[in-house]
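Open the model in your viewer and keep the selection box handy. We'll go stop by stop, from the whole chain down to single residues.

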Amino acid sequence: MTTILIVEDNEMNRDMLSRRLERRGYDVLLAVDGATGVAVARDRKPDLILMDMSLPVVDGWEATRQLKGDRFLQNIPIIALTAHAMANDRDNALAAGCDDYDTKPIELPRLLAKIEALLPAFAVVEGIS
């Protein structure tokens with residue numbers, strides 16, 4: 001089963017997104033801040049990470065840099081999730097190491113398309129396909 005880690009500090013967003021992904025057959029892991037997200041990723045090695053960028057403790061920018069700087073985790077695709085929708089926000093997320101970017105409020109069909117587009121590409125990199 002494909003595992004997705006949601007790193008999101010807003011309980012309502014976390015709950016809504018996790019339930020929707022579970023209904024589509026994904027196994028979901030949760031973290032409420034960037035530091036916990038990095039720890040969960042190291043422990044569980046999810047297939048994909050949905051990273052809120054405005055997080056307590058360690059923000060999503062820094063958590064992404066830490067994950068992409070770890071040779072055991074660097075190939076896990078990360079999609080930045082943010083309420084910031086300026087052009088430079090997307091560029092900054094990609095510069096931090098995110099593989100894609102999506103804005104809040106989340107449009108599930110659009111996000112699912114991004115998830116599905118990244119998973120096969122990274123499965124080939126990892127030799128899984």
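In what order do the elements of the protein chain run from the N terminus on? They go β-α-β-α-β-α-β-α-β-α, which gives five helices and five strands. Helices here are DSSP runs of H or I with at least four residues, strands are runs of E with at least two, and both are numbered from the N terminus.

Two notes before you click further. This is a predicted model, so local features need pLDDT of at least 70 and side-chain atom pairs count only at pLDDT 80 or more, while totals for chains, interfaces and linings use all residues. Residues are numbered from 1 along each chain as its sequence is written, and side-chain values use heavy atoms, with hydrogens and water left out.

**The whole chain**

Show the C-alpha trace of the protein chain: along its principal axes it spans about 35 × 30 × 25 Å. The radius of gyration is 13 Å, which agrees with the value near 14 Å that a compact globule of 129 residues would have. That radius is taken over C-alpha atoms, and the globule rule is 2.2 Å times the number of residues to the power 0.38. Color by accessibility next: buried residues make up 49% of the 129 residues. The cut-offs on relative accessible area are under 20% for buried, over 50% for exposed, and in between for partly exposed (1.4 Å probe, protein chains only). If you like contact maps, take the contacts between residues at least 6 apart in sequence: 58% of them join residues at least 24 apart. Contact means heavy atoms within 4.5 Å.

**Helices α2 and α3**

Select residues 34-44 for helix α2 and residues 60-68 for helix α3. Two packed helices are described by the angle between their axes and the distance between the axes. Here the axes come within 9 Å and cross at roughly 20°. The two helices are therefore roughly parallel to each other. For the bookkeeping, axes are lines fitted to C-alpha atoms, for helices over the stretch in contact, and angles run from 0 to 180 degrees between N-to-C directions; under 35 degrees counts as roughly parallel, over 145 as roughly antiparallel, 65 to 115 as roughly perpendicular and the rest as oblique.

Which residues make the contact of α2 and α3? Light up Gly 34, Val 38 and Ala 41 of α2, plus Ala 63, Gln 66 and Leu 67 of α3. By class, that is four nonpolar, two polar and no charged. Nonpolar covers Ala, Val, Leu, Ile, Met, Phe, Trp, Tyr, Cys and Pro; charged covers Asp, Glu, Lys and Arg; the others, Gly among them, are polar.

While α2 is selected, click Arg 42, which lies in that helix. Arg 42 counts as partly exposed at 42% relative accessibility. Leaving out residues up to four places away in sequence, Arg 42 touches Asp 70 and Leu 73. Arg 42 and Leu 73 are 31 residues apart in sequence and 7.1 Å apart in space, C-alpha to C-alpha.

**On to α4**

Keep α3 and add helix α4, residues 87-96: these axes come within 8 Å and cross at roughly 30°. That makes α3 roughly parallel to α4. On the α3 side, pick Trp 61, Thr 64 and Arg 65; on the α4 side, pick Asp 89, Asn 92, Ala 93 and Ala 96. This contact has three nonpolar, two polar and two charged residues.

**Into the strands**

Is Asp 100 buried or exposed? Asp 100 lies in strand β5 (residues 100-103) and counts as buried, at 16% relative accessibility. Beyond neighbours within four places in sequence, its contacts include Ile 78, Arg 90 and Lys 114.

Now move to Thr 82 in strand β4 (residues 78-82). Thr 82 counts as buried, at 1% relative accessibility. Setting aside residues up to four places away in sequence, Thr 82 touches Met 53, Tyr 101, Asp 102, Thr 103 and Lys 104.

**Backbone oddities**

Most residues other than glycine have a negative phi, and most peptide bonds are trans. Three spots to check:

- Lys 104 and Pro 105 are joined by a cis peptide bond, with omega about 0°. Pro 105 sits in the loop between β5 and α5 (108-125).
- Lys 45, in the loop between α2 and β3 (48-52), has a positive phi near 45°. Lys 45 counts as partly exposed at 46% relative accessibility.
- Val 57, in the loop between β3 and α3, has a positive phi of about 70°. At 69% relative accessibility, Val 57 counts as exposed.
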